[in-house]
Amino acid sequence: MARSGLAAAARVARWADAALGPGRDSATDDGKATLSDATAERAARELGLTPAQVRADWDTARLAGLVEVHGDSARPGWRLRAWDRDDSAVLRGWVALFDAWSLAHPEPEEHEPAAVAEVVSAMPQALSFLQLSAGPVPVEQLLDLLEQRVTELRTARCEIPYGPQPEPAAEPEPTDAPLAPLLDWALRALGSVGALTYGDGQATLTPLGSWAVWVKLEQICVAAQSPAGNIEQAADDMLRGCAQLRPNAARAEYRAWLAARPVGSAVTELLGAARGEDALLRGLAFEALRVVGAPAEPDVRGVLDEPTLRPYALLWLAEHDGADPEDAHEVLTREEATWLWVDTAAAVADHGEAPLLVRHLESAVQPTVPMLLEEVRAVGHPRTVQVLVALAAAHPDPALAKAVRRAAFQVHTGGS
């Protein structure tokens with residue numbers, strides 16, 4: 001159903017990718033990635049559509065993430081790239097359109113913006129009622145529910161002032177706009193994105209709409225069950241809170257944290273945490289990004305040029321592309337693997353116990369400790385000295401500890 005509903009938008013997005021890609025004519029002329037008249041007419045000719053249909057499909061493609069707007073230009077979104085091979089990309093695209101229903105079918109201009117905002121805020125409760133009803137619901141019943149919810153929203157915003165107040169007027173003037181026309185608009189808008197059917201005085205969720213509302217309710221439940229209570233924390237603090245959790249518990253915490261915020265901003269925040277000085281948070285941030293999955297792929301690819309994040313990003317992408325986690329390290333060069341070894345050792349030195357740091361020696365790609373020390377010195381990790389000093393202090397073999405201390409001193413002094 002999602003593929004069918006977005007097929008026209010995907011067709012226009014693919015046409016734009018082929019006809020208007022880098023080095024070709026610009027698609028837009030207003031700095032907002034709105035199709036120019038000439039481009040809309042050209043697309044209409046080549047696709048056998050009217051310019052109005054092209055513009056409508058283009059707008060749908062933008063709302064569904066098939067086209068991403070960056071400043072004054074547009075480019076294909078990851079969902080379009082993954083369209084043929086990833087069903088989750090299609091479903092995420094439709095859910096993005098579902099979330100943007102009020103933009104997909106703009107409200108009539110005569111309505112007050114405040115009243116429109118109240119109805120948009122109240123509609124999730126109406127949708128939940130439709131989902132639980134599992135069948136047609138009379139519009140009158142939805143209107144009663146909407147009026148109750150809007151009254152609750154207005155009451156929640158009410159501020160009770162201190163001090164004596166003037167007597168209320170005997171008959172307050174009615175200022176509330178009738179909600180029936182706005183409910184009609186909301187149901188038509190939700191119908192236009194395929195979430196429900198609306199007619200003959202009743203509304204019914206489509207199977208796709210019912211699934212989407214169920215997913216939203218599930219996300220709310222997951223968020224409410226945040227096991228360690230880090231759901232409202234910034235990414236850095238959330239990751240620190242997960243550092244002592246077992247892997248399954250940490251993943252549950254990541255899911256709860258992610259469910260409470262938009263995917264794009266969550267990925268940005270996690271990568272920001274990964275860029276910090278704490279190597280433990282770097283590793284945990286990419287564990288959280290594994291929970292995000294496909295939507296994080298463009299951003300993870302975007303950090304491949306950052307030396308601090310490159311080894312983590314390469315492993316993430318290899319696993320995302322289907323590599324066995326135990327074999328994913330094969331995508332790293334020897335130098336990248338050594339850099340990652342030092343970074344992981346820094347995390348262990350800062351947050352782990354000495355025996356764990358000693359065992360970390362076994363994970364090095366170098367077959368001997370002298371080779372490891374030589375390549376560690378050459379890789380230039382900023383924490384090299386601290387890691388080697390901590391390893392020397394923890395290792396029970398006096399001869400090996402002495403060699404590690406010597407390597408640390410040479411890195412510190414720049415000697416050979």
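This report looks at confidence, one helix pair and several salt bridges in a predicted model.

**Confidence**

The protein chain has an average pLDDT of 84, and 88% of the residues reach at least 70. Over residues 23-32, the pLDDT is below 50. That stretch still has 22 contacts beyond near neighbours in sequence. Residues 169-175 also stay under 50, and there the model has zero contacts beyond four places in sequence.

**A helix crossing**

Helix α1 covers residues 2-19, and helix α3 covers residues 51-63. Their axes come within 8 Å and cross at roughly 95 degrees. Angles of 65 to 115 degrees count as roughly perpendicular, so α1 is roughly perpendicular to α3. On the α1 side, the contact is made by L6, A8, A9, V12, A13 and A16. V54, D57, W58, T60 and A61 belong to α3. By class, this contact has nine nonpolar residues, one polar and one charged.

**Salt bridges**

The count of salt bridges is 18. The table gives three of them, including their N to O distances.

| Pair | N to O distance |
|---|---|
| D87 and R3 | 2.9 Å |
| R290 and E287 | 3.2 Å |
| R334 and E375 | 3.0 Å |

D87 in helix α5 and R3 in helix α1 are 84 residues apart, so this pair links distant parts of the chain. D87 is exposed, at 53% relative accessible area. R3 is partly exposed, at 31%.

R290 and E287 both sit in helix α14, three residues apart, about one turn of the helix. R290 is partly exposed at 28%, and E287 is partly exposed at 33%. A network of salt bridges links E287, R290 and E319.

R334 is partly exposed, with a relative accessible area of 39%.

Key. Residues numbered from 1 in each chain as written. Predicted model: local features only at pLDDT ≥ 70, side-chain atom pairs only at ≥ 80, totals over all residues. Heavy atoms only, no water. pLDDT = per-residue confidence, 0-100. Contact = heavy atoms within 4.5 Å. Axes fitted to C-alpha atoms, helices over the stretch in contact; angles between N-to-C directions. Helix = DSSP H or I, 4+ residues; strand = E, 2+ residues; numbered from the N terminus. Parallel < 35°, antiparallel > 145°, perpendicular 65-115°, else oblique. Nonpolar A, V, L, I, M, F, W, Y, C, P; charged D, E, K, R; others polar. Salt bridge = Lys/Arg side-chain N within 4 Å of Asp/Glu carboxyl O. Buried < 20%, exposed > 50% of the residue type's maximum accessible area, 1.4 Å probe, protein only.
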